[in-house]
Structure formats: structure tokens, C-alpha cells
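Welcome! Take a moment to turn the structure around on your screen, and then let us walk through it together, one place at a time.

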Amino acid sequence: MKKKYIIGNWKMYPDTVSEARRIFSDIKKKTSLLKKVLVVIAPSFGHVGLFEGKGTKSCALGAQDVFYEEKGSFTGQVSAGQLSSLGVTYCIVGHSAKRAIGETDEEIAKKISLLLKAKITPVVCIGESVRDVHGEYLAILENQIKAVFARYSGDEVKKCIIAYEPIWAIGKNSGGAMKPTDIHETMLFIRKILSQKYGKEDAFVVPVLYGGSVDETNALSVVKEGMVDGLLIGRESLKAESFNAITRLIDTI
Ligand code: PGA
């Protein structure tokens, strides 16, 4: 059975170690009851080490970024090897917040290779900043997919997760999320682009998630009607109760 992924992106929250510990433990304890959902928690770099070796099969440890060089004197950076030694098994790359401050497709492509080498699953974010009426956003998505995966084989891409996060739908309330029918349409488009390069079979193995203003009220319809393989959740992943309610709901599908 293919499990659904629910990834919590904690961004630069919470403010304190004690809060981080509390949220992580409140989420982790509930994950052992889940049968069809795999939870990943991605704390900020400052907090990742708090959870060294604490990831489990139902609640894995993630990170929000990694540096694009393997080793060296790079002040302020964190390597894939360091993340791996802390027990990180998933790592977000290409988040719109990082792209907005200069991360390029080329850097994202390099990060993917270092993560694969370190046996960490890359969670590769793509997304358009606006949905224009002429459908330019489709070309943007296509270019992002082609650019970050240009050098990778089907076997490598199958080890990645794609997170589709329309930038305009991030950080709103559930009313600001993308409509499930539009999500479904975009999912088909992403699969089509992957199929063109890797063939249908491989393209359908790659999990494609949705992210952007998901909460308890829209999670089920986003996953069911949007036909996504999971969710990347920001704000609601810092509220253990709401996050657990979402994982329970998705576990019923
Ligand atoms: P959000 O964030 O759930 O708060 O919209 C999603 C993200 O940025 O990954």
C-alpha cells in the first residue's frame, strides 16, 4: 500500500526549544496509530539536532534545506552528511521562501544529488507565483521540473518527492488554498511532464504532494478530490492538535 505523506514545515518556528520539544512529542505520539500516513517533521536547523535519532517509521525527521556543496569551509551552511548523521531522512529543497532569496534551479539540482547520495529523500518544491489567465503558469511549472531534474534518471527521480506549492496559496486561511479540482488538474499536468521524460510507469511512482493553506477543514477534499499523494503543511504543523486531526482524517482515506 502506498502511504500518504504529511510533511510539517516548521519554517523559523517555534521560538523556544521547549515548545519545539512539546510539539514534536505531541505529534509523534499519535503517529503510531496511523496506518496509511507517514508523517515527516521538518524543524529549523537550530532545532533539528534536538530530535537526533528520534525519527521513527511513522514519524520521520526532516530538514528544510541543505547546502549544495558536500564539504568545505562554508560558514552558515549545513551539509547532507551532517543531516544524515542526525537521523534526517527527508529534506525540503526549492521552497518558494528559499527561491525568493535567490536559490536557483541549478542549486536545487545539486542539492538533490547530495541528498540522494546521503540517502535522504529530497522533497522538491515547485510552484507558480500567480495563476495568470493565459496559462503561463504551466510553462513555469514545466521549466522548474525540467531544470531541477535535467540530469537525473527515472530511477533517481523515483527516489524524490515533488511538492506542488502555488506561492499565491501559501500562508492564507483555508479559503485561500487552491481548489481541489484545480489541484487535480495541476497534478495531471505534473505527471504529464514527468511521463514525457521518464515514461508513464516511473512518472506515477513519484509521490506528488500539495502545499498551501491546508488545515483541518480542507485537508480531506484536497487529498481526495485533488488526488494528491500527501500534503506539505506550514502553519498548521505547529499546532499539534490540528495537525494530528489532519493526519487522522487522511488516514481514513
Ligand atoms: P502553509 O505553508 O501551510 O502555512 O500555507 C506551506 C509551506 O510554505 O510549505
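Which atom of the ligand is 3.0 Å from a polar backbone atom of Arg235? It is an oxygen atom of the ligand. Before going further, please keep in mind that this is a predicted model. The protein covers 98% of the 290 Å² of accessible area that the ligand has on its own. Two other residues also have a polar atom beside a ligand oxygen. His95 offers a polar side-chain atom, 2.8 Å from an oxygen atom of the ligand, while Gly171 brings a backbone N or O atom to 2.7 Å from an oxygen atom of the ligand.

If you look around the ligand, you will find the residues that surround it, including Asn9, Lys11, Glu165, Ile170, Gly212, Ser213, Leu232, Ile233 and Gly234. What kinds of residue make up this shell? There are 3 nonpolar, 6 polar and 3 charged residues in it.

One member of that shell, Ser213, deserves a second look. Most residues other than glycine have a negative phi. Ser213, however, has a phi near 60°, a positive value. You can find Ser213 in the loop between strand S7 (208-211) and helix H10 (219-226), and its relative accessible area of 8% means that Ser213 is buried. Met227 has a positive phi as well, of about 55°, and sits in the loop between H10 and strand S8 (230-233). Is Met227 buried or exposed? With a relative accessibility of 53%, Met227 counts as exposed.

While we are on the backbone, please go to the loop between S1 and H1, where Pro14 is found. Most peptide bonds are trans. The bond from Tyr13 to Pro14 is cis, with omega near -15°.

Now for the aromatic rings. A pair of them is described by the distance of the centres and the angle of the planes. The model has 6 aromatic pairs. In one of these, the ring centres of Tyr5 and Tyr90 are 6.1 Å apart and the planes stand at 65°; since an angle over 60 degrees counts as edge-to-face, that is what this pair is called. Tyr5 belongs to strand S1 (residues 4-9) and Tyr90 to strand S4 (residues 88-93), so this pair links distant parts of the chain, 85 residues apart. Tyr5 is buried at 18% relative accessibility, and Tyr90 is buried at 12%.

Trp10 and Phe51 form another edge-to-face pair, because their planes are at 85°, with the ring centres 6.3 Å apart. Trp10 lies in the loop between S1 and helix H1 (17-31), and Phe51 in the loop between helix H2 (45-48) and strand S3 (59-63), so the pair ties together parts 41 residues apart in sequence. Trp10 is buried, with a relative accessible area of 0%, and Phe51 counts as buried at 3%. Together with Phe24, Trp10 and Phe51 make up one aromatic cluster.

Our last stop is Asp65, in the loop between S3 and helix H3 (80-85). Asp65 counts as buried, at 9% relative accessibility. Which side chains does Asp65 meet there? Its side chain makes a polar contact of 2.8 Å with the side chain of Lys111, and another of 3.1 Å joins Asp65 to the side chain of Lys98. Beyond its neighbours within four places in sequence, Asp65 is in contact with several residues, among them Phe45, Leu83, Cys91, Ile92 and Glu103.

Definitions and conventions. Residues are numbered from 1 along each chain as its sequence is written. This is a predicted model: local features need pLDDT of at least 70, side-chain atom pairs count only at pLDDT 80 or more; totals for chains, interfaces and linings use all residues. Side-chain values use heavy atoms; hydrogens and water are left out. A residue is near a molecule or strand if one of its heavy atoms lies within 4 Å of it. A polar contact is a pair of N or O atoms within 3.5 Å; within protein, one must be able to donate a hydrogen and the other to accept it, and residues adjacent in sequence count only if both atoms are side-chain atoms. Accessible areas come from the Shrake-Rupley method with a 1.4 Å probe; for residues, only the protein chains shown count as cover. Ala, Val, Leu, Ile, Met, Phe, Trp, Tyr, Cys and Pro count as nonpolar, Asp, Glu, Lys and Arg as charged, and the others, Gly among them, as polar. Rings of Phe, Tyr and Trp (its six-membered ring) pair if their centres lie within 6.5 Å; planes under 30 degrees apart count as stacked, over 60 as edge-to-face and the rest as tilted. Helices (H or I, at least four residues) and strands (E, at least two) are DSSP runs, numbered from the N terminus. Buried means under 20% relative accessible area, exposed over 50%, partly exposed in between (1.4 Å probe, protein chains only). Contact means heavy atoms within 4.5 Å.
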